[in-house]
Amino acid sequence: GAATRALLALVGNRATYGAAPGLSPAAPGQPAAADIAATWRHWGLGPDDLDLCAASPGPWLAVLGMPVEHSLSPRIQNAALRAAGRRERCGALEVPASASALRLFLHVAPRIGMVGASVTAPHKMDAARASQGDASVERTGAANCLRWQGEAVQSTNTDFSAVKRLLSPHVTVGDPALVLGAGGSARAAISALQDLGARVAFTSRDPARADALAKATGAIWVPWGQREHAKPKLVVQATPLGSEPSDGSPFATVGLKVIVELVYAKGPTQFQREAAAAGALVIDGRQVLVAQAEDAYRFWFGAAPDRRLHGALGRALDR
């Protein structure tokens with residue numbers, strides 16, 4: 001697809017083929033040239049980056065997931081890399097939703113110049129099992145950031161570190177908190193809240209998946225249909241609800257002190273709008289995304305990003 005063709009530029013190809021406007025593809029599956037260019041722009045890259053990569057191919061980064069074309073992570077990371085004067089550039093790559101596909105990619109990645117990757121759904125728990133995880137990965141059972149040291153794949157969980165850092169000023173020991181969801185991001189949010197001293201429950205639809213998460217974290221499960229009985233002061237929204245403009249709010253916001261919305265959309269989700277109207281502090285998905293990007297940068301390059309990068313990351317989201 002267009003993302004795979006666009007990635008060729010990051011590894012040094014001076015050109016790639018796309019179907020010209022008004023013409024049929026030359027081969028099945030060939031994307032249109034306009035789609036390849038749009039992908040490049042979505043990643044926050046331009047002609048200068050193409051010249052840089054073509055003149056002297058360097059290491060590269062990617063966000064891995066299925067689907068992944070919507071991700072803003074490449075745009076944020078490319079802004080940070082450019083601001084820091086680094087030559088790495090970042091793209092996005094769909095990896096089929098299976099543990100074996102992810103393992104195959106992790107084996108091949110360093111051989112094609114990849115030095116680091118972000119990981120999104122549905123691969124976070126498989127990534128933890130396929131890598132050497134730090135304390136955050138051991139704690140959450142999920143990994144969303146990888147780096148290669150020779151053949152070794154090392155991992156961390158920036159969902160955990162970002163949510164914990166953003167919530168730290170706003171959580172009092174004993175605060176009742178509710179996490180919506182039971183996936184990798186929900187696991188990280190539960191662990192972060194527990195570290196901050198909150199009393200954590202979570203809600204989801206699948207009892208079998210919920211049972212496994214409850215046993216792994218010690219958090220109390222509330223069936224999805226009974227979630228309004230939880231009476232939390234703080235809610236972390238870790239489901240896909242809100243990704244579409246037509247999605248309603250997944251939780252009543254009256255009485256909430258703080259919400260964290262992990263979905264990042266073009267504008268505020270219905271949940272964000274209702275929470276803000278009810279007087280709650282809103283930490284939106286873009287704030288979390290920028291915090292994760294800063295932690296990923298630190299993990300990949302062994303140093304904290306320059307303070308000026310925060311502005312570059314925020315501006316990248318507004319393009």
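In the predicted model, Asp175 is a buried residue, with a relative accessibility of 8%. The side chain of Asp175 meets that of Lys257 in a salt bridge, with an N to O distance of 3.3 Å. Lys257, by contrast, is partly exposed, at a relative accessible area of 37%. Asp175 belongs to the loop between α8 and β7 (176-180), and Lys257 to the loop between β10 (234-237) and β11 (258-261); the pair therefore ties together parts that lie 82 residues apart in sequence.

A second salt bridge is formed by Asp295 and Arg165, whose closest N and O atoms are 3.0 Å apart. This pair links distant parts of the chain, since Asp295 is located in helix α12 (residues 285-301) and Arg165 in helix α8 (residues 158-167), at a separation of 130 residues. The relative accessible area of Asp295 is 8%, and this residue is therefore buried, the cut-off being under 20%. Arg165 is partly exposed, with a value of 39%. Asp295 and Arg165 also take part in a network, in which salt bridges that share partners join them to Glu294 and Arg298.

A further salt bridge connects Arg111 with Glu151, with 3.1 Å between the closest N and O atoms. Arg111 is situated in the loop between α5 and β3, whereas Glu151 is situated in the loop between β5 and β6 (152-156), so that this contact ties together parts 40 residues apart in sequence. Arg111 is partly exposed at 49% relative accessibility, while Glu151 is exposed, with a relative accessible area of 55%. In total, the count comes to 13 salt bridges.

Aromatic contacts were examined next. A pair of aromatic rings is described by the distance of the centres and the angle of the planes. A search of the whole structure yields 3 aromatic pairs. One of them is formed by Trp40 and Trp43, whose rings are 6.4 Å apart from centre to centre, with 50° between the planes, a tilted arrangement. Trp40 is buried, with a relative accessible area of 11%, and Trp43 is likewise counted as buried, at 2% relative accessibility. Trp43 is placed in the loop between α2 and α3 (47-55). The C-alpha atoms of Trp43 and Pro57 are separated by 18 Å, the two residues being 14 residues apart along the chain.

Another aromatic contact involves Trp300 and Phe301, both of which are buried. Ring pairs place these two residues in a cluster with Tyr297. The ring of Phe301 also has a charged neighbour: the charged end of Arg86 sits over this ring, 3.8 Å from its centre. A similar description applies to Phe299, where the charged end of Arg147 sits over the ring at 4.0 Å from the centre.

The largest nonpolar core comprises 34 residues, and those with the most contacts inside it are Leu64, Phe105, Leu106, Met114 and Trp148. Both helices and strands contribute to this core: the helices that give two or more residues are α1 (2-10), α2 (33-42), α5 and α6 (124-129), and the strands that do so are β1 (60-65), β2 (89-94), β3 (114-119) and β5 (145-149). Among these elements, α1 gives the most, with 5 residues.

Nonpolar side chains are also found at the surface. Leu104, Val108 and Ile112 make a nonpolar surface patch of about 240 Å². Val108 lies in helix α5 (residues 99-108) and is counted as partly exposed, with a relative accessibility of 31%. Helix α5 is thus connected with both settings, because it supplies Val108 to the patch and is one of the elements that give two or more residues to the largest core.

Technical notes
Residues are numbered from 1 along each chain as its sequence is written. This is a predicted model: local features need pLDDT of at least 70, side-chain atom pairs count only at pLDDT 80 or more; totals for chains, interfaces and linings use all residues. Side-chain values use heavy atoms; hydrogens and water are left out. Rings of Phe, Tyr and Trp (its six-membered ring) pair if their centres lie within 6.5 Å; planes under 30 degrees apart count as stacked, over 60 as edge-to-face and the rest as tilted. Buried means under 20% relative accessible area, exposed over 50%, partly exposed in between (1.4 Å probe, protein chains only). A charge sits over a ring if NZ of Lys or CZ of Arg is within 6 Å of the ring centre and within 35 degrees of the ring normal. Patches are made of residues with over 30% relative accessible area and no salt bridge: like charges are joined within 9 Å, nonpolar side chains (Val, Leu, Ile, Met, Phe, Trp, Tyr) within 5 Å. Accessible areas come from the Shrake-Rupley method with a 1.4 Å probe; for residues, only the protein chains shown count as cover. A salt bridge is a side-chain nitrogen of Lys or Arg within 4 Å of a carboxyl oxygen of Asp or Glu. Helices (H or I, at least four residues) and strands (E, at least two) are DSSP runs, numbered from the N terminus. A nonpolar core is a set of buried Ala, Val, Leu, Ile, Met, Phe, Trp, Tyr and Cys residues joined through side-chain atoms within 4.5 Å.
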